[in-house]
Amino acid sequence: MITVIISEDQRMLRGALGTLLSFEDDIDVIGQAANGKEALELINTHSPDVCLLDIEMPLMSGLEVAEALQRKGAASKIIILTTFARPGYFERALKANVHGYLLKDGPSEELAEAIRNVMKGKREFASELIFGSMLKENPLTEREREILALVSKGKTVKEISSTLYLSSGTVRNYISEALNKLEVKNRIEAISKAEKNGWI
């Protein structure tokens with residue numbers, strides 16, 4: 001029996017997924033979570049075979065949960081469910097070593113089959129999501145992403161330079177370089193574009 005935990009913030013969709021997967025003879029849904037933090041607690045407690053994680057959830061996103069599990073060396077296999085073909089998301093999912101990256105609105109039979117394939121050691125990636133992700137490559141370096149993420153949280157140049165042990169001038173240069181690469185006029189546009197593409 002394959003044990004599964006579902007994490008999805010939309011209650012109706014979570015319930016429907018749980019019910020449909022429970023109809024499968026070889027799949028047992030042992031837990032459901034409404035946000036990423038809850039999901040991580042359930043996974044740590046029950047160690048399911050497979051975790052189905054919505055990409056965008058409150059408290060922690062599916063990607064953040066996947067990254068936390070990877071750091072911990074958890075044995076559970078992770079399938080990310082999404083409606084977004086955002087390049088940065090796919091890039092992060094691959095780095096977090098997820099086993100599946102699938103469309104949320106696909107048929108439940110396909111999802112059940114994907115769960116079985118993942119348990120056999122295969123990787124399951126929706127071709128539409130891969131293609132959408134290949135169209136736009138992330139132009140930002142890791143440091144530029146890090147600084148832009150801090151700017152998006154309302155941090156000042158002085159606070160960022162203190163956090164990252166860089167001079168204020170260096171931080172301003174990184175921000176300026178990020179604006180040029182993203183072809184935007186200001187920090188607000190830069191944050192908006194980077195977040196829309198899943199780059200920060």
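**Exercise 1. Describe how helix H1 and helix H5 are arranged relative to each other.**

Solution. H1 and H5 are roughly perpendicular to each other. The steps below show how this is reached in this predicted model.

Step 1. Helix H1 covers residues 11-22 and helix H5 covers residues 108-119. Their axes come within 10 Å and cross at roughly 70°.

Step 2. Angles of 65 to 115 degrees count as roughly perpendicular, and H1 and H5 are therefore placed in that class.

Step 3. The crossing in which H1 passes H5 is right-handed. On the H1 side the contact is made by Leu17, Leu20 and Leu21, and on the H5 side by Ser108, Leu111, Ala112 and Ile115.

Step 4. Sorted by type, the residues of this contact are 6 nonpolar, 1 polar and no charged.

**Exercise 2. Give an overview of the protein chain: its elements, its extent and its buried share.**

Solution.

Step 1. Count the elements: the protein chain has 10 helices and 6 strands.

Step 2. Take the extent: the C-alpha trace spans about 60 × 35 × 30 Å along its principal axes.

Step 3. Take the burial: 45% of the 200 residues count as buried.

Step 4. Look at the contacts between residues at least 6 apart in sequence: 64% of them join residues at least 24 apart.

**Exercise 3. Find which residues touch the most other members of the largest nonpolar core, and which elements give two or more residues to this core.**

Solution.

Step 1. The largest nonpolar core has 25 residues, and those that touch the most other members are Ile43, Leu53, Val65, Ile78, Ile80, Val98 and Tyr101.

Step 2. Two or more residues each come from helix H2 (36-46), strand S3 (50-54), helix H3 (62-72), strand S4 (77-82) and H4. H3 gives the most to this core, with 5 residues.

Step 3. Take Ile43 as an example. Not counting residues up to four places away in sequence, Ile43 touches Ile5, Pro48, Cys51, Leu53, Val65, Leu69 and Ser76.

Step 4. Another core, of 18 residues, lies apart from the largest one; among its residues are Leu164, Leu179, Leu182 and Trp199.

**Exercise 4. Decide whether Ser61, Asn97 and Tyr165 are buried, partly exposed or exposed, and say where each one lies.**

Solution.

Step 1. The cut-offs are under 20% relative accessible area for buried and over 50% for exposed, with partly exposed in between.

Step 2. Ser61 is in the loop between S3 and H3. Its relative accessibility is 16%, so Ser61 counts as buried. Leaving aside neighbours within four places in sequence, Ser61 is in contact with Asp54 and Ile55.

Step 3. Asn97 lies in the loop between H4 and strand S5 (100-103). Its relative accessible area is 39%, so Asn97 is partly exposed.

Step 4. Tyr165 lies in the loop between helix H8 (157-164) and helix H9 (168-182). Its relative accessibility is 75%, so Tyr165 counts as exposed.

**Exercise 5. List the buried residues of helix H4, then describe the backbone at Asn97 and at Tyr165.**

Solution.

Step 1. Helix H4 runs over residues 87-95, and its buried residues are Pro87, Gly88, Tyr89, Phe90 and Ala93.

Step 2. Asn97 comes just after H4 and has a positive phi of about 60°. This is a positive value in a residue other than glycine.

Step 3. Tyr165 is not a glycine either, and its phi is positive, at about 55°.

Conventions
Residues are numbered from 1 along each chain as its sequence is written. This is a predicted model: local features need pLDDT of at least 70, side-chain atom pairs count only at pLDDT 80 or more; totals for chains, interfaces and linings use all residues. Side-chain values use heavy atoms; hydrogens and water are left out. Buried means under 20% relative accessible area, exposed over 50%, partly exposed in between (1.4 Å probe, protein chains only). Helices (H or I, at least four residues) and strands (E, at least two) are DSSP runs, numbered from the N terminus. Axes are lines fitted to C-alpha atoms, for helices over the stretch in contact, and angles run from 0 to 180 degrees between N-to-C directions. Angles under 35 degrees count as roughly parallel, over 145 as roughly antiparallel, 65 to 115 as roughly perpendicular and the rest as oblique. A crossing is left-handed if the near helix is turned anticlockwise from the far one by less than a right angle, and right-handed if clockwise. Contact means heavy atoms within 4.5 Å. Ala, Val, Leu, Ile, Met, Phe, Trp, Tyr, Cys and Pro count as nonpolar, Asp, Glu, Lys and Arg as charged, and the others, Gly among them, as polar. A nonpolar core is a set of buried Ala, Val, Leu, Ile, Met, Phe, Trp, Tyr and Cys residues joined through side-chain atoms within 4.5 Å.
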